[in-house]
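Trainee: I have this model open on my screen and would like a close look at one part of it. Could you walk me through one helix and then show me how it fits with what lies around it?

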Amino acid sequence: MLKKTEFKVGLFVVITSVLIVASIAYLAYSKGLFTREHTFTLSSTTGEDLSEGMPVLFSGYRIGRVGKLELNDKGILLITIRVPEPHDQWIRSNSTFSLYKPLIGSSRLIVTTNDLSSPSLSPGTIREITIINDINETIKKVQPTLEKINEVVTNIERITGNLADPQGDVNRILRNTETLTANLSKKETFIEMATGNPESAKSVNESLKKVKDILVKTDEQLYGDDGTLPLIRKILKDIIVKLEKLNAALDNVVKISADASDSTKDFKLLRAEIDSTVTSIAKLVKDLDKILPSKKEPEIKLP
Amino acid sequence: MTEFIEKIGKASMNATATFRDILFFAFTILARIFQKKTYNSAMKMVLVNQIYFTSVQILPLFTVLSIILGSLLIGIVLQIIKNLGLAEYLGRILMGLVVTEISPFVTVLLVALRSSSAMNAEIAVMKVNKELRTLDTYNIDVIDYLFVPRIINGVVSVLLLSALFSILALTSGMIFSKLIFGMSFDVYTNVLLKSADIYDIDIYLIKCCIFGFFITLIPIRSGLSASDDLTSIPIAVLQGMVKVFIAIIFIEVLSLILISL
């Protein structure tokens, strides 16, 4: 009976213990507790937003964590990062380290490696980290806009101040406009209001009437039945007719010159024929001379 | 008025005395646990029997209860997570709530209800029947023979049963996450692993050990406080169980404070 009980208890203890140990071992293995870690040291002038356990990212993937933060004897913060075995390959001698402070979310250390073929970073080397601050970047971007808004607000404030001020520009303009419209309502014409003298307005009116008469006369002289412009038009028509005739005459001249050119060609041909005839006659004379000898001792060659 | 203040003072003094008494008893037991001579054959036999009565006998009932309670709990938690749109915290909630908090708490309640009360009554009866004095007469150390095996049994049982509860609850959680979220088993395992922290597991194991230690120690001490009168047995059991539940709440709160630190 006791043996049976012992067996049951033993079985229970062994199975549950194995389950617990296996779970913890699997968890530890998954968390990389058994993998070898490499440590690298970085430096920074400030420890702000840096904390132990902070993730170290490469290409957005977590490759390690910040292990320890401490100040050296010169007051510079030394940051020890721990990177497990397979991930230390991403940290090379030309790697750069930056502390990224996003606008929203927690800060992180980012490793950037441009040349993966460069040698590994030796553990004794201390590299300085650069700080990328989203908040400051955003403030920098927003600053000009804020300055402009500030200017606009100042202008609006000035305008509203001006509006509120009874002696301000706007109120003065309004008062002037009021005076102007009041004056305009009192005067008969704008000229009278501008000059302030009714006589001047009358003289301007008379001058305008005279200008109008002159314009009517000029119009008659220019566009009337016997005016200048119809006469010019008639002359131009005559010139066009004459030019057409002249054009025909010029065509004839061109034709005649072309014929003359052809005739000179015929002359050349005629001369060539005459030359040929003269040559033939000379040859004939020579032959006749041979046949009818004029010489004392003719010599006839037999074929 | 004076009487009322006197009552408060008396109650406070009694509470302090009880707390001091339990702590003193706890140190005595702890000292014996780490002594090699405590582990004799008689003690080992009692220990095996105690584990059998507390853990193995309860196992079928505990397994069924774990599956039902775990499934119910995980189902409710997952449904709430889904309704509140907190799916990304699934792993953290399951590990933090179910594994670290609920499973030790449920286990310790079950063990306390079944075994602690039994131990309390057993020791009180032995005290009334003068069995403890008889053992002492035969030079049998009651601490080694009776108390240490029961308290070690409490620690081992709560630790193992709680782990079993966690495993069963998380397994049923796997099925529920598949049904509610359509989450594959691989994804579920990865979510849990990502959320699990060795520190949480340490706290969980320590908490289970402390729970197991005190839910057996307090009933034993309470049983010892019974007089020679038979009517003192139910009083001792009642007082012992009340102290056990206060201790459970106290340890739970203390562990929560420790985790939040």
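**A helix and its surroundings**

Mentor: Happy to! Let's begin where the helix ends: helix 3 of chain B is followed by B:Gly85, which has a positive phi, near 70°. Keep in mind that you are looking at a predicted model.

Now walk back along the helix itself. Helix 3 of chain B covers residues 59-84, which makes 26 residues. From its first C-alpha to its last it reaches 36 Å, close to the 38 Å expected at 1.5 Å a residue. Its buried residues are B:Phe62, B:Ser66, B:Gly70, B:Leu73, B:Ile74 and B:Leu78. What covers them? The cover includes helix 4 (90-128) and helix 6 (142-180) of chain B.

Next, step back to the whole chain. Chain B has nine helices and zero strands, so to speak an α-α-α-α-α-α-α-α-α run from the N terminus on. Of its 261 residues, 38% are buried. Take the contacts in chain B between residues at least 6 apart in sequence: 87% of them join residues at least 24 apart.

How confident is the predictor here? The mean pLDDT of chain B is 88, and 100% of its residues reach 70 or more. Within chain B, confidence is highest in helix 2 (residues 41-56), at a mean of 92, and lowest in helix 7 (residues 185-195), at 82. For the model, the scores are ipTM 0.80 and pTM 0.60.

Helix 3 of chain B also contributes to something shared. The largest nonpolar core has 68 residues, and B:Ile151, B:Val158 and B:Ile215 touch the most other members. Helix 3 is one of the elements that supply at least two residues each; the others are helix 1 (2-30) of chain A and, from chain B, helix 2, helix 4, helix 6, helix 7, helix 8 (198-224) and helix 9 (232-260). Helix 6 of chain B, already met as part of the cover, gives the largest share of this core, 18 residues. To see the packing for yourself, centre your view on B:Val158: leaving aside residues up to four places away in sequence, B:Val158 touches B:Thr107, B:Val108, B:Val111, B:Cys208, B:Phe211 and B:Gly212.

There is also a second, separate core of 16 residues, and A:Ile81, A:Leu99, A:Val111 and A:Ile129 are among them. Let's follow A:Val111 into its strand. In strand 6 (residues 108-112) of chain A, A:Leu109 and A:Val111 point to one face and are buried, whereas A:Arg108, A:Ile110 and A:Thr112 point to the other and are not. Such alternation between the two faces of the sheet is what side chains do in a regular strand.

Strand 6 of chain A has two partners to look at. With strand 2 (residues 55-58) of chain A, the pairing is parallel, over three bridges, and A:Phe58 has A:Val111 as its bridge partner. With strand 5 (residues 96-101) of chain A, the pairing is antiparallel, over five bridges, and A:Thr96 has A:Thr112 as its bridge partner. The hairpin of strands 5 and 6 has six residues between the strands, and A:Gly105 takes a positive phi there, near 105°.

Finally, look at where the two chains meet: 15 residues of chain A are in contact with 15 residues of chain B. On the chain A side, these residues divide into nine nonpolar, three polar and three charged.

Key. Residues numbered from 1 in each chain as written. Chains lettered and ligands numbered in written order. Predicted model: local features only at pLDDT ≥ 70, side-chain atom pairs only at ≥ 80, totals over all residues. Contact = placed C-beta atoms within 7 Å. Nonpolar A, V, L, I, M, F, W, Y, C, P; charged D, E, K, R; others polar. Helix = DSSP H or I, 4+ residues; strand = E, 2+ residues; numbered from the N terminus. Buried ≥ 20, exposed ≤ 12 C-beta atoms within 10 Å, placed from the backbone. pLDDT = per-residue confidence, 0-100. Expected span 1.5 Å × (residues − 1). Pairing = 2+ DSSP bridges. Core = buried A, V, L, I, M, F, W, Y, C linked by C-beta atoms within 7 Å.
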